[in-house]
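Reader: I would like a close look at a single part of this model, set carefully within the chain as a whole. Please take the backbone and the surroundings of individual residues slowly, one place at a time.

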Amino acid sequence: MNFTVHEGSNDCPVIVHVPHASREIPAEVAADFIATDEQIAQELDRVTDDYTDTLAAAAAEQSGCAPWMIVNNLSRLVADPGRFSNERESMEATGRGAIFLKLGDGNPLRPLDMDVADLKAQYYFPYADAVSKLVRGRIQDCGCAVIVDVHSYNNQPEEYRIHPGKLLPDVCIGTHSVHTPAVLADEADRAFTAAGFSVERNTPFAGAYVPVDYDKNTSVLAVMFEVRKDLLEADDSRVRVEGALAEVIRKAVEISRTDMGRPL
C-alpha cells in the first residue's frame with residue numbers, strides 16, 4: 001500500500017499527517033529518473049523528513065487521545081502529497097510540484113517534458129483522496145477535524161538565511177490564516193517552549209496542509225510542525241519533542257470542543 005491509515009477513536013477529531021518520512025522508491029518509478037544515483041541519494045537526504053513517522057507514532061500513543069494518522073509509505077520523489085496538484089500550486093512551474101521533475105539544485109530528476117499524469121493517478125490522487133476521506137469522517141463524527149502536520153528539516157542556515165550564522169529554530173510552527181485559530185498556535189508554542197525548545201512561527205517554513213476540498217471550510221483546523229532533525233537524533237531531546245507534540249494533540253482535542261476561535 002502506498003500509505004497507511006491508523007484508525008483512531010471515533011470521538012477524536014485529530015488527524016496526524018506524516019507525508020515525507022519515507023525513502024522508498026518503487027523500481028518502476030526509479031526507472032524514469034535521469035539523475036545519477038549519487039544525485040538521488042543527496043536529494044533523499046535533503047527532502048526526507050527523517051524520524052517523523054516514529055515521532056508521530058510516539059506522540060499519538062502518549063497523547064492518550066487515540067488520534068487518527070496517515071503515513072505516506074513512499075518517498076516524496078515518487079509523488080509529493082504535501083503539494084497541491086491544481087492551479088493553486090505555483091511549484092509546478094518550477095518543476096517541484098506534485099511530481100518532481102527537478103532536484104533541489106535545479107538539475108533534472110526526470111525528463112522535463114515527461115507526462116506525469118499516470119504518476120499522479122497512481123500515487124498522488126489516492127493519497128489526497130484518503131486525507132479528504134479522513135477529514136470527512138472526523139467532521140461527521142466530531143463536527144470538525146484537526147490536522148497536525150509533522151515534518152523535520154536539516155539545520156541549513158545558509159540555505160534558509162533567516163538568521164545568518166545562527167542555528168535555525170528548534171521547532172517551526174506553521175499556521176494558516178483560515179484554518180489555524182490563535183488559541184491552537186498559542187498552545188503549540190507554549191507546549192514546545194515549556195519543553196525547552198526555541199520556537200518560531202512560519203520561519204523558515206509557513207502554512208499548514210489542508211486538502212483542497214476543504215480549503216475554505218472552517219470546520220477544519222490545521223497546524224504544521226517542523227522539527228530540526230538533530231533534535232530527533234538525540235534521545236533526550238527526542239523524548240521532549242514527543243512529549244510536547246503529545247500535549248499539542250491533547251490541547252487540539254480540547255480546543256476543537258469549544259469555540260474554534262478566530263483565524264490568525
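Reader: How many helices and how many strands does the secondary structure of the chain come to? With that settled, please look closely at the loop between strand 6 and strand 7, where Asn-202 is found, and then place it beside other residues of the chain.

Author: The model is a predicted one, and the secondary structure of its chain comes to eight helices and seven strands. Before turning to the loop, I will describe the chain as a whole.

A compact globule of 264 residues would have a radius of gyration near 18 Å, and the chain agrees with this because its own value is 18 Å. Along the principal axes, the C-alpha atoms fill a box of roughly 50 × 45 × 30 Å. Of the 264 residues, 53% count as buried, and the area that the chain exposes is about 11,700 Å², with 48% of it supplied by carbon and sulfur atoms. If one takes the contacts with a separation of 6 or more, 79% of them are accounted for by residues 24 or more positions apart. The chain carries 25 positive and 42 negative charges, and the mean positions of these two sets are 5 Å apart.

Now to the loop you asked about, which lies between strand 6, residues 199-201, and strand 7, residues 220-228. Asn-202 is found in this loop, and although Asn-202 is not a glycine, it has a positive phi of about 55 degrees. Asn-202 counts as partly exposed, because its relative accessibility of 29% falls between the cut-offs of 20% for buried and 50% for exposed. Pro-204 lies in the loop as well, and the peptide bond that leads from Thr-203 to Pro-204 is cis, with omega near 5 degrees. The loop therefore offers two backbone details to inspect, namely the positive phi of Asn-202 and the cis peptide bond from Thr-203 to Pro-204.

A positive phi is also found at Tyr-51, where the angle is about 75 degrees although the residue is not a glycine. Tyr-51 has its place in the loop between helix 2 and helix 3, the latter being residues 52-63, and it is partly exposed, with a relative accessible area of 34%. Helix 2 itself, residues 37-47, holds Arg-46, which is partly exposed at a relative accessible area of 35%. Arg-46 and Tyr-153 are 107 residues apart in sequence, while their C-alpha atoms are 8.2 Å apart in space.

Another loop worth a look is the one between strand 3, residues 68-72, and helix 4, residues 117-142, in which Pro-111 is found. Pro-111 counts as partly exposed at 27% relative accessibility, and, leaving aside its neighbours within four places in sequence, it is in contact with Asp-32, Ile-34 and Leu-101. One of these partners, Ile-34, is 77 residues from Pro-111 along the chain, and the two C-alpha atoms are separated by 6.8 Å.

Helix 6, residues 182-194, is the place of Ala-191, and Thr-193 is found in helix 6 too. Ala-191 counts as buried, because its relative accessibility of 12% is under the cut-off of 20%, whereas Thr-193, at 43%, counts as partly exposed. Not counting residues up to four places away in sequence, Ala-191 touches Ala-244, Glu-247 and Val-248. The C-alpha atoms of Ala-191 and Ala-246 are 9.2 Å apart, with the two positions 55 residues apart in sequence numbering. For Thr-193, the C-alpha atom is separated by 9.2 Å from that of Val-171, which is 22 residues away along the chain.

The cysteines remain to be considered. A search of the whole structure finds zero disulfides. Cys-142 is in no disulfide, and the nearest cysteine sulfur, that of Cys-144, is 6.5 Å away; Cys-144 is likewise in no disulfide, with the sulfur of Cys-142 as its nearest at 6.5 Å. A disulfide requires cysteine sulfur atoms within 2.5 Å, which is why a separation of 6.5 Å does not count as one. As for accessibility, Cys-142 is partly exposed, with a relative accessible area of 27%, whereas Cys-144 is buried, with a relative accessible area of 2%.

How values were computed: Residues are numbered from 1 along each chain as its sequence is written. This is a predicted model: local features need pLDDT of at least 70, side-chain atom pairs count only at pLDDT 80 or more; totals for chains, interfaces and linings use all residues. Side-chain values use heavy atoms; hydrogens and water are left out. Helices (H or I, at least four residues) and strands (E, at least two) are DSSP runs, numbered from the N terminus. The radius of gyration is taken over C-alpha atoms; the globule rule is 2.2 Å times the number of residues to the power 0.38. Buried means under 20% relative accessible area, exposed over 50%, partly exposed in between (1.4 Å probe, protein chains only). Contact means heavy atoms within 4.5 Å. Accessible areas come from the Shrake-Rupley method with a 1.4 Å probe; for residues, only the protein chains shown count as cover. Lys and Arg count as positive and Asp and Glu as negative; His and the chain ends are not counted. The place of a charge is taken as NZ of Lys, CZ of Arg, CG of Asp or CD of Glu.
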